[in-house]
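Please read this report alongside the model. It covers helix packing, burial and backbone geometry.

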Amino acid sequence: MQSPSVRVHAGNGMSSQQEALSARCPRVTVLGSSSAGNGTLVRSGATSILIDCGFPPEYINGQMADVGLKLSDLTAVFITHTHGDHVNQMFVRRALELRIPIFCPTDIELHLQTQYTWMARASHRGVLRPIMNDCTEVGNCLVRTFPVPHDSAGGCFGYSIFSESPLGMKKVTVATDIAFATESIIDAVAESDIVVIESNHDLEMLENSGRPVWLKKRIRERGHLSNDESADIVLRAIDRSSHVPQTIALAHVSQQCNTNAFAVQSMRESLRKLDCERVTVAETFPFTRSAVFSISAGQKHETGVSCYSDLSAELQFRKTVALKQQTSLTHKSTRLVYDS
Ligand SMILES: [Zn+2]
Ligand SMILES: [Zn+2]
């Protein structure tokens, strides 16, 4: 891999004008992340999207209150896969009451309906919604779906959230529960401004753990990324990006086979190889929210690589298609069909 040289246009002290611009860019908060539960809040203007709902509604409501929001402020929820740490039944019931749309790929919707028969009601009421295209427009965001290898029924997916801002089109990518790197994951992480990616285990700690052999094999081959594998995805993504992400948040960190310190150290050491030490590597936590990750107007880290693809043109095209094929997707829409 030929490493791009990174040019840093930086300024740590932002002017008030820059601060005002940054405030209108997307912000990300990981409400909690581990094998016990996952949920990531992405806000852009009045749009609030929750990626995964693996906690009870009371927990998510409490964490959202910390950033001045409540559950009913959610514009939509997107589910990555059917494992219990990503879909909480009580949360889905609450979303049904509040009529918050929950999006997921068709196979995940079918699996949820098979596993929990009452969820057919959520589909019937238009709350549980299959993703019909790989791009879904929600409020002022466009959410792009990409496949992720993981051993869950109905498949596993990651999401890139695009939104226009005064600083141009911004991209946030969230991907956890990744068995191994794929081109589509690397492409999704490329050109992102904020990345939430799993850094599940330290390989040595996993091997030395008291876990049964079959479980270690499952985690390594069909389950989750090690710290090194996570860093490898980020490096390969930067290698094909015109700029580096401002923040990389490390999620789904194993409580038995890893530590936040190991995960952060591994990612930082890898970034150093690309001369990218100024990228913020952030921690997430199992049962409390992370810091709020925002996009700074005062910093731009260019790699010297030309844009991997003509993202703006591609998005404009996709947006036009999405607009034609879908109705308004906010849960306040009067076009929703309810059976009561
Ligand atoms: Zn998980
Ligand atoms: Zn999983």
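The text below starts with the whole chain and then turns to single helices and loop residues.

This is a predicted model: local features need pLDDT of at least 70, side-chain atom pairs count only at pLDDT 80 or more, and totals for chains, interfaces and linings use all residues. Residues are numbered from 1 along each chain as its sequence is written, while chains are lettered from A and ligands numbered from 1 in the order in which they are written.

**Whole chain**

The chain has eleven helices and 15 strands. Both are DSSP runs numbered from the N terminus: helices are H or I with at least four residues, strands are E with at least two. Of the 340 residues in the chain, 45% are buried. A residue is buried if 20 or more other C-beta atoms lie within 10 Å of its own, exposed if 12 or fewer, and partly exposed in between, with C-beta atoms placed from the backbone. Among contacts with a separation of 6 or more, 74% join residues 24 or more positions apart. Contact means that the C-beta atoms, placed from the backbone, lie within 7 Å.

**Helix 9 against helix 10**

Two packed helices are described by the angle between their axes and the distance between the axes. Helix 9 (residues 227-238) and helix 10 (residues 260-273) have axes that come within 9 Å and cross at roughly 35°. The axes are lines fitted to C-alpha atoms over the stretch in contact, and angles run from 0 to 180 degrees between N-to-C directions. The crossing is right-handed, meaning that the near helix is turned clockwise from the far one by less than a right angle. Helix 9 contributes Asn227, Asp228, Ser230, Ala231, Val234 and Leu235 to the contact, and helix 10 contributes Phe262, Ala263, Ser266, Met267 and Ser270. These residues divide into six nonpolar, four polar and one charged. Here Ala, Val, Leu, Ile, Met, Phe, Trp, Tyr, Cys and Pro count as nonpolar, Asp, Glu, Lys and Arg as charged, and the others, Gly among them, as polar.

**Helices 10 and 3**

Helix 10 has 14 residues and reaches 20 Å from first C-alpha to last, close to the 20 Å expected at 1.5 Å a residue. That expected span is 1.5 Å times one less than the number of residues. Ala263, Ser266, Met267, Ser270 and Leu271 of helix 10 are buried. Seen down the axis of helix 10, they fall within an arc of 130°, so they line one face. The arc is that of the directions from the helix axis to the C-beta atoms. On the face turned away sit the exposed residues Ala261 and Arg272. The cover over the buried residues of helix 10 includes helix 9, strand 13 (247-251) and strand 14 (280-283).

In helix 3 (residues 89-98), the buried residues are Phe91, Val92 and Ala95. Their arc down the axis of helix 3 is within 100°, so they too line one face. They pack against helix 2 (57-65), strand 5 (76-78), strand 6 (102-105) and helix 5 (119-124).

**Positive phi**

Most residues other than glycine have a negative phi, and most peptide bonds are trans. The table lists residues with a positive phi.

| Residue | Phi | Place |
|---|---|---|
| Arg99 | near 60° | follows helix 3 |
| His252 | about 55° | loop between strand 13 and helix 10 |
| Asp275 | about 65° | loop between helix 10 and strand 14 |

His252 is buried, with 28 other C-beta atoms within 10 Å. Asp275 has 16 C-beta neighbours inside 10 Å, so Asp275 counts as partly exposed. Asp275 and Thr303 are 28 residues apart in sequence and 9.8 Å apart in space, C-alpha to C-alpha.

Note on methods. Two residues are in contact if their C-beta atoms, placed from the backbone, lie within 7 Å.
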